[in-house]
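User: Please take a close look at the place where the ligand is bound. I would like one connected account of what surrounds it and of the space it occupies.

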Amino acid sequence: MSEIRPNLVLLGFMGVGKSTVGRGVARRLGLRFVDMDREIERKAGARIPEIFATRGESAFRALESEVAAELGGRDGLVIAAGGGVILRQENLDALSARGAVVVGLTGDPEVMWERVRRSTHRPLLQGPDPRARFMALHAEREPLYQALRHRIEATSRPTAEVVEAVAALYPYT
Ligand code: S3P
C-alpha cells in the first residue's frame, strides 16, 4: 500500500531555527528537507541579496509565492519557509494544501538576534540600524505567527527537544 505523506511546513522569524529544526524533523520522520530560500535562489539563478539588490523586495516576494505554490503541490517534504512567507495569506493557503501540517516556531527575539546579527545574506538586516529593524519586523510579524494553530517555542530548549515537539504534531505515519 502506498501512502501519501503530507508536507510539514515550518514558519517563524529569522533566526528561530527553521532550517536546523527542519533538518532534524525530516530525519526523524523520514521526509525530505527543502529550504524555501534555496529553492527561490535556484529558480532565480541568483542569491537572495542579489535578488533584493537587482530586482527589489517585491520581485523576491513574487518568487517566494511561486515557490510556495509549487512546494504546496508536492508531498513528503519538510519545508523551512523564509521568515516573510507569513505575510501573504496566499502563501499560507498554498502551503497548507494536501493535508500539510503547518507549525509556527516562536521564541525570544534577543536569542534570534544573537543568531543572525553577523549574517550578511539577509538583506533586510543590512541597513543602518539592523537591530532596530529586526525588532520592529519581529513585533510586526509576531502576532501572525501567534495566530497559527500549531506553535512551538524554539529558543529556550535544546534543538533535539524542539524537533521532538514538532514531530509529535505530525499525525501521519
Ligand atoms: C526574510 C527572511 C529570510 C529570507 C529573506 C527575507 C524575511 O529567510 O527569506 O531574507 O522577510 O523575514 P530566513 O527566515 O530563513 O532568514
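**The ligand and its pocket**

Analyst: In this predicted model, a polar backbone atom of Gly83 lies 2.9 Å from an oxygen atom of the ligand. Two side chains make polar contacts with ligand oxygen as well. In Arg61, a polar side-chain atom is 2.6 Å from an oxygen atom of the ligand. In Asp37, an N or O atom of the side chain is 2.8 Å from a ligand oxygen. The protein covers much of the ligand's surface: on its own the ligand would expose 380 Å², and 94% of that is buried by the protein.

The contacts above belong to a wider shell. In total, 13 residues surround the ligand, and Lys18, Asp37, Arg61, Arg122 and Arg141 are the closest of them. Sorted by class, this shell holds 5 nonpolar, 3 polar and 5 charged residues.

Next comes the space itself. The ligand sits in the largest pocket, which has a volume of about 570 Å³. The lining of this pocket consists of 31 residues, and those nearest its centre are Met14, Gly15, Lys18, Asp37 and Arg122. Several helices supply two or more residues each to the lining: helix 1 (18–29), helix 2 (36–44), helix 3 (48–55), helix 4 (57–72) and helix 8 (159–167). Helix 1 gives the most, with 4 residues. By class, the lining of the largest pocket is made up of 12 nonpolar, 9 polar and 10 charged residues.

Some names appear in both descriptions. Lys18, Asp37 and Arg122 are among the residues closest to the ligand, and they are also among those nearest the centre of the largest pocket.

For context, there is also a second largest pocket, with a volume of about 170 Å³. Its lining is formed by Leu92, Ser96, Ala100, Val101, Val102, Leu148, Arg149 and His150. This lining divides into 5 nonpolar residues, 2 polar residues and 1 charged residue. The ligand, as stated, sits in the largest pocket.

Conventions
Residues numbered from 1 in each chain as written. Predicted model: local features only at pLDDT ≥ 70, side-chain atom pairs only at ≥ 80, totals over all residues. Heavy atoms only, no water. Near = heavy atom within 4 Å. Polar contact = N/O pair within 3.5 Å; in protein donor to acceptor, adjacent residues only side chain to side chain. Areas by Shrake-Rupley, 256 points an atom, 1.4 Å probe, with all protein chains shown as cover. 1 Å grid on protein atoms, 1.4 Å probe; cavity = no way out; pocket = protein on both sides within 12 Å on 5 of 7 lines; lining within 4 Å. Sits in = over half its atoms within 2 Å of the grid points. Nonpolar A, V, L, I, M, F, W, Y, C, P; charged D, E, K, R; others polar. Points joined across faces, edges and corners; volume = space filled by probe spheres on them.
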